[in-house]
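Me: I should like to work through this structure by question and answer. Please reason briefly each time and end on the item requested.

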Amino acid sequence: MIRHIECPACHNKGLKIDINSGYKVITTGRPMKDYPCITTCAVCKRKIKYDVVKEEKEI
């Protein structure tokens with residue numbers, strides 16, 4: 001399923017990332033060298049690094 005994620009550089013919904021349900025995309029909060037995946041923003045044309053992690057269910 002393709003999700004439109006907010007770009008951390010231009011703050012538009014320019015990142016189109018294909019992920020399964022039950023997972024979420026992380027683009028900020030860690031050093032850039034820790035992110036394994038790269039995509040290009042459709043709006044600002046910058047390369048953005050991201051990671052896909054499994055969502056934790058809250059009780």
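Me: Leaving aside its neighbours within four places in sequence, which residues is threonine 39 in contact with?

Reply: The model is a predicted one. Threonine 39 belongs to strand β4, and its relative accessible area of 15% makes threonine 39 buried. Once neighbours within four places in sequence are set aside, the residues in contact with threonine 39 are Leu15, Lys16, Arg46, Lys47, Ile48 and Tyr50.

Me: In what order do the three strands of the open sheet lie?

Reply: The pairing in this sheet is antiparallel. Its edge strands, each paired on one side only, are β3 (23-26) and β4 (37-40). Neighbouring strands are turned against each other by 40° on average, direction ignored. The order is therefore β3-β5-β4.

Me: Which residue in β5 stands opposite cysteine 37?

Reply: Strand β5 covers residues 47-54 and runs antiparallel to β4, with four bridges joining the two. Opposite cysteine 37, the residue in β5 is tyrosine 50.

Me: Which side chains meet in a salt bridge, and what is the N to O distance?

Reply: A search of the whole structure finds one salt bridge. In general, side chains of opposite charge can pair when their charged atoms come close. Here the partners are aspartate 51 and arginine 30, and the distance from N to O is 2.8 Å.

Me: How many residues apart in sequence are the parts that aspartate 51 and arginine 30 tie together?

Reply: Aspartate 51 is buried at 14% relative accessibility, whereas arginine 30 is partly exposed at 34%. Aspartate 51 lies in strand β5 and arginine 30 in the loop between β3 and β4, so the pair ties together parts whose separation in sequence is 21 residues.

Me: How far from cysteine 7 is the nearest cysteine sulfur, and to which residue does that sulfur belong?

Reply: The structure holds zero disulfides, and cysteine 7 is accordingly in none. Cysteine 7 counts as buried, at 0% relative accessibility. The nearest cysteine sulfur is 3.8 Å away and belongs to cysteine 10.

Me: Why is the sulfur of cysteine 44 not bonded to the closest cysteine sulfur, and what is the distance?

Reply: Cysteine 44 is partly exposed, with 23% relative accessibility. A disulfide requires the two sulfur atoms to be within 2.5 Å. The closest cysteine sulfur, in cysteine 41, is too far from that of cysteine 44 for a bond, because the distance is 3.6 Å.

How values were computed
Residues numbered from 1 in each chain as written. Predicted model: local features only at pLDDT ≥ 70, side-chain atom pairs only at ≥ 80, totals over all residues. Heavy atoms only, no water. Axes fitted to C-alpha atoms, helices over the stretch in contact; angles between N-to-C directions. Salt bridge = Lys/Arg side-chain N within 4 Å of Asp/Glu carboxyl O. Buried < 20%, exposed > 50% of the residue type's maximum accessible area, 1.4 Å probe, protein only. Contact = heavy atoms within 4.5 Å.
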